[in-house]
Structures are given as C-alpha cells and as structure tokens.
Amino acid sequence: MATLIYPAIPSSPPSLRFSIPSTTPNAKFVKLHALRCLRKNGEITGLSRTPSPMESGGQDNGEMSLEQSSNVEMEMKNYEIWRLFKEAQQNILYLNNQRLKAVEELNKANREKQLLVDKVEQLEKENRRAGGKDNLALCWELLLRIDSMVLGGMISTAEASDLRRMVTDRKVSLAYVFLDMLQKRDAELLAELRHFSEGSKKKGFHIIHICTEMEPLVSIGPLAPYITGLSHALQRKGHLVEVILPKYASLDLDEVQGLREIEVESYSYFNGQLHGNRIWTGVVCGIGVTFIQPLYFSSFFSRDRIYDYPDDFERFTYFSRASLDYIAKSGKQPDVLHLHNWETAIVGPLFWDIFAKQGLGNTRILLTCHGFDSQCLEEPDKLALCGLDPGRLHRPDRMQDTAKTHLVNILKGGVVYSNKVVVMSSMHSKGRIIRSMSHGLEPTLALHKEKLIVAPCGFDNSTWDPSTDKFLPVNYSTENMRGKDACKVALQQQAGLSKHVSSILVGCIFSEVLDFDLEKMKAVVQNATKGGAQFIFMVNGDVPTINRALRSFQEELEGSNVKFFHRYDEALSHVMFAGSDIILCQSFHDPLLQVPLKALKYGAAPVSETFDDENLRYSADHDREITRFSEFMRSTFGNMSLSQTIDEIKNNPSMWKRKMTNAMEKDFSWDAECYDIHVSAYAAIKTL
C-alpha cells in the first residue's frame, strides 16, 4: 500500500509571523524584543520577553543600534530558511501525490491487462470448442459429413472414398471454400463436394485406430497419449488418421469440437442378433473421432471405470464388431486398421474371417501392444458372440492358449491375425521382449518374429519445449542457456530451498511409488545431500497408497535441502524439468509420463537409480535390434548412477554442458523415430 510521506518541519515560531516592510533610507529600525524560553529549575514553562537595556543594567545607544540591526538580519535569514522549508515541503507532498497517482495508474493498467488476458483466453477456449476451427478441424467436419451421407444412402461407398481422398489431398483450399457450406443441408454440401472432386489423387495412408482410450477424452494408461501423439505426427506429414472409440458416459465431451449424432439407423451383430447403435462424430485436437453408443447394451460403457469388469470381453468384443460394421457400412476403405492391446485385438480374426470380403480387401491390419501382461483368456464358445467360429479358431496355431489349452487367448489371436505387430518399448530389444517379457506368449511371438517391430514412445514437443514453454519464467535453448539458471532459481524459491545456482538440483516426479525401492532411494538422497545436492519430489495424481508411502518417506528425509509436493501441478512440473540438473526416473521406458524424454529436451540428465542391475544396466543385452533412443541412452546415461552424475557435473562442467546440449538437440518426439517406424510398418503391410 502506498504511504504519504510528510517531512518533519516545525511550524513557524511566533516571532517570524510578520511581514518585513521594504526599507528606505529614512527608515528607522523598530526595537523588537526577543523572546526566550524560561525554565523552572531548567524546565520550560513558557515564553518571556527579553529584558530591556534598562532592566539589564543599560547599554549605550551604539550598541543598541548594532544589536537591533543584527536581530533584524537574523530574523530575515530565519524567514528565508522557513520559506525554503515550506517550498520543500510542498514539493515533497506534490511528488508523493504524483507517485501515488502513478502507482494507482500502474495497478489499474495491470488489472485491465489481466482482464484482457482472461478475456482472450476465454475467447480462444470458446473458439476451440465452437466456431474457431482450423483447417484440419474443418476438413474433419467435411469427412464426417461424408460418412453420414453414405449411411443415409445419399452416395455410394465408391464415391465416398473418392470424396474423402479429395478432401484430405486439398484440405487447405477446401477449408475456406466450405466454411459456410458446413451449415447447409447434406444435399447442398454434396453438390459442392462433387464440384471439387475432379483431379483428386491419393496421398499418404488412411489409418483408422480402433481403440479404447484417447487423450484428452479418456486417459487411463500409456495408450491414450500414444493415440493422440502418433495421430498428430501422422497428420502433420500428410496422412489421414481417424479414431473410433466407445462413447463412455465419463467422456469429457467439452474437448470434442462439432459433436453431432449421425441420424441414421446403425446396427451391429452380437449374440445372434442385430443391435442398434447411436453413432456420434466430432473433432478432437484436430483428429476426426467416431463414438459408438450401444442402445440395447447401454450399460456396457455407462460405468464408473473403463476396465476391470467381469464382462470386459463382452463389452470390448461388442465394440470391436460394431466398429467393423460401421466402417463397412460407411464405405470407408482405409489402408490400415490399427488395433490396440487385447481389447480390440479380436478385430484381427473378425476382419479376415468376415469383413475382408465386404469391400475391404485392400485393407491391412496392424496391432500395437503396450505390454503382454494382459491377454484375456476366455471360453472358446464366447467367440460366437461376435460371429466367429470357435471350432475354427480354438487351435494351437490360431487362438488356443499355450498353457491353458481349454481357453482361447484374445491377444494371441490379434498377433496371429495381424500383418504387423508393433511392441512399444523404448529400451528393450525384440529378442529380450520375446524371451523375458512375453508372459507365456513366447512360442507365438517367436513363430511370428518377422512381424514384430519395436518402437519407442514419444512426447509432445509442441507443449514441452524450453524455447517456447509458457510456464517458464525465462525461456532458453541450446543457443542461449542462461534461462536455465533463472528457472533453477525460480524453482528453488517456489520450493523454499536456498537459492544458489551452483547447487546441484535433482527433481523427481512419482507416478507409482511402488516402482521405487524407497529404502535404496533414501540412502541415495541422504548421501547426495551431504554433498550439498538439493531434491524436489512431486506426485503425479492423488492416489492414497502413493501418498501414504511418500509421506512416510518424507518424514525421514524432508529438510532444508529436500522438499515434497503431494499434488501434481502442471506449471510446476514444467519448471521442475527446466530448473533441475538431474531428473530421477522410474524407468527409461516411461510411456505414461515420458519423464526421460522431457528431461533430455530441457537439459536435465535422466538417471534411473532404483531398479535392479538386470533392468537398468543394458550392456549385457547384445541383441542389436534396439531403437535409436535406446542406443543413445545406453551410451550416454544408461550406466550412470546419481553419485556418478553429480561427480561429473562438479568435476567436468564444460564436458557436461556439451553432453546436455547434444541431448537437447536430439529429437525423440512423436514426429521422430516413433513416426518413422510406424510409417515403415504401414508401407510394408500395404505391399503384402
């Protein structure tokens, strides 16, 4: 709060409160009796007149004249001093008032600026949800309208395929042409589309993901960021990508642009009958999405959770069959149907046994597995629910489980009936995955080894980039790293740590505390803090079991150099990557949080300290079928402990700076190696 400053200037004494007449040659000075303070026993009691010359024993006339002249001069000097004091006081008061006005104006300007920023953000949010559509979103609305035309019987599947190609090949020009037409009826829109359909040529691949998660709509595990990240990368390079999802009751529909229901009858086969579905379409983050909502089996996707129900096989088998029925009826002819984990793996046998003969003969199947720990074993007779022949598929070379031979293995069926299988693993080789991480599928994976491709995860480098990151107090890049020091000081200040740029700062973001050996971690932290290192821990999410374990861990460690945050904060997480010298990782393969990838991008060393030697030290694995990311990590950070990393930072600062600059320049986003591997896989299966 601004404060008025008043100068401590005494009020004018009574003897100075008069006007000095201008003197003339004949003027006579008037004797002024000087006043003085008298005290009783040295104390002030009031004012008393100075004794006259007679009272003081008498003075001669000359002395009296000199004294009178001296007194007048003194009083005039005092008056002049008082006048200057008054002017100074007025100037100070004026300047103080001006300062207060300036402060108020500044505060007002800041308030107005914040209101404008809030308004702009609100308008941008409304634009994203409603009218502010970019070219890609507009094109997707056109594509989804074409789907509804096919389902409504307005156009043939062949014409629909041509129109889709035309839209995707000429999306920039069409976006502006059809901006107003999107509000018209289907017949008017169709006439315009036909007008532009001449000269359309095929470019890129048409991929349809049939999946159960997609960020930001529904995100449980690593599948959700993978679907969105890979789809964005593919579309940026000219491929057409769309997604089919169940219409869960828990979907965040605010993230869907242009959500509309296709008002036609849509049926799919299940348990011997045709059942109606409501079909919804919209655009999510520039990607066209179709939602399937069962009518008769409405309870399948209106539950609190996404997974872990006793009837998960029935739920996701219904969705898989309904997706294929929708694709066939809408006349889509994608190059690739991309399946994910066991939940949609049954699309593989369904496609080849039933749908390949329904106008989809040129389509191929690719299955992605984020792990083999969940495979879904069921009674063979249940395959008949979606129209499959149990007797034909319950065989060792098809879907029969290797260990429990009386059951069928749904994920195994996906592997057998796919043209290619992509295993998402940033660090492990194909050989090791087959030998040690197949969870009973080793014979099947070994038999189909040529199908298997290993791909690393990526991350969104449009959001995670220190040169443009809106959450950082100062941006930086490999050309100018000074901003990283400013980010460290800001992080130290926010965490309540001592602000020293020279201190080595270690960040750690937990997703599952159980993945950490907390006892080993405690010893590592205690040893590092003795050398002056600082630590910041943050939990991703609000899981009670994680927080309980972490609070116990915190009680033993928290101090002046160790701080904890028990709730995930998006802005703070960005500053943690930017301000830290080292990021402790639960694993170098982190498909959910992508911590090692983000650490590299922000110039922080990813160190995995808490796993056993077999999982952490990769040098013993001589299988060279590994990803470029794995090769880089093995050669750069794979064998470094936290203490070794700290020593290298202290002892070889110039070499360390070069190492981190080199790491920052690497591209491990979705657009890089992950994209390359998938496009190579799509190209390979199209030649089969």
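## A hairpin to start with

Two strands count as paired when DSSP finds at least two bridges between them. With that in mind, a good place to enter this predicted model is the hairpin of strand 5 and strand 6. Strand 5 covers residues 257–270 and strand 6 covers residues 273–284; the two run antiparallel and are joined by nine bridges. One bridge partnership to look for is I262, whose partner in strand 6 is I279.

Two residues lie between the strands of this hairpin, and N271 takes a positive phi near 55° there. A little further along, C285 also has a positive phi, about 55°, although C285 is not a glycine. You will find C285 in the loop between strand 6 and strand 7.

## How confident the prediction is

The chain has a mean pLDDT of 83, with 78% of its residues at 70 or more. Two stretches deserve caution when you look at the picture. Across residues 1–59 the pLDDT stays under 50, and the model gives this stretch 60 contacts beyond four places in sequence. Residues 611–620 also have a pLDDT below 50, with 21 contacts in the model beyond near neighbours in sequence.

## The nine-stranded sheet

The hairpin strands belong to an open sheet of nine strands with mixed pairing, in the order 5-6-7-4-3-8-9-12-13. Strand 5 and strand 13 (452–455) are the edge strands; each has a single partner, so one side of each is left without a neighbour in the sheet. On average, and ignoring direction, neighbouring strands are turned by 25° against each other.

Further inside that order, strand 3 (residues 206–210) pairs with strand 4 (residues 240–246) in the parallel sense, over five bridges. Here H209 has V243 in strand 4 as its bridge partner. In the loop that leads from strand 3 to helix 6 sits P216. The peptide bond joining E215 and P216 is cis, with omega about 5°.

## Helices on this sheet

Which strands does helix 7 lie across? Helix 7 (residues 312–330) lies across strand 3, strand 4, strand 5, strand 6, strand 7 (287–294) and strand 8 (336–340), and runs at about 105° to strand 5. Helix 23 packs on the sheet too, touching strand 3, strand 8, strand 9 (364–369), strand 12 (420–424) and strand 13, with a direction at about 145° to that of strand 9.

Helix 23 (residues 670–686) also meets helix 6 (residues 223–236): their axes come within 10 Å and cross at roughly 80°. That angle makes helix 6 roughly perpendicular to helix 23. On the helix 6 side the contact uses P225, Y226, G229, L230, A233, L234 and R236, and on the helix 23 side W670, D671, C674, Y675, H678, V679 and Y682. By type, the residues of this contact divide into 10 nonpolar, two polar and two charged.

## The five-stranded sheet

Another open sheet has five strands, paired in parallel in the order 16-15-14-17-18. Its edges are strand 16 (562–565) and strand 18 (605–607); each has a single partner strand, so one side of each is left without a neighbour in the sheet. From one strand to the next, the twist averages 20°.

Within this sheet, strand 14 (residues 505–510) and strand 17 (residues 582–584) pair in the parallel sense over three bridges. V506 has I582 of strand 17 as its bridge partner.

## Helices on the five-stranded sheet

Helix 15 (residues 518–530) lies across strand 15 (534–539), strand 16 and strand 17, and its direction makes about 145° with strand 15. Helix 17 lies across strand 14, strand 15, strand 16 and strand 17, running at about 140° to strand 14.

Helix 17 (residues 570–579) has a helix partner as well. What is the crossing angle of helix 14 and helix 17? The axis of helix 14 (residues 482–495) comes within 8 Å of that of helix 17, and the two cross at roughly 125°. Helix 14 and helix 17 are therefore oblique to each other, and the crossing is left-handed. K484, C487, K488, L491 and Q494 of helix 14 meet L572, V575, M576, F577, A578 and G579 of helix 17. This contact is made up of seven nonpolar, two polar and two charged residues.

Terms used: Residues are numbered from 1 along each chain as its sequence is written. This is a predicted model: local features need pLDDT of at least 70, side-chain atom pairs count only at pLDDT 80 or more; totals for chains, interfaces and linings use all residues. Side-chain values use heavy atoms; hydrogens and water are left out. pLDDT is the predictor's confidence in each residue, from 0 to 100. Contact means heavy atoms within 4.5 Å. Axes are lines fitted to C-alpha atoms, for helices over the stretch in contact, and angles run from 0 to 180 degrees between N-to-C directions. Helices (H or I, at least four residues) and strands (E, at least two) are DSSP runs, numbered from the N terminus. Angles under 35 degrees count as roughly parallel, over 145 as roughly antiparallel, 65 to 115 as roughly perpendicular and the rest as oblique. A crossing is left-handed if the near helix is turned anticlockwise from the far one by less than a right angle, and right-handed if clockwise. Ala, Val, Leu, Ile, Met, Phe, Trp, Tyr, Cys and Pro count as nonpolar, Asp, Glu, Lys and Arg as charged, and the others, Gly among them, as polar.
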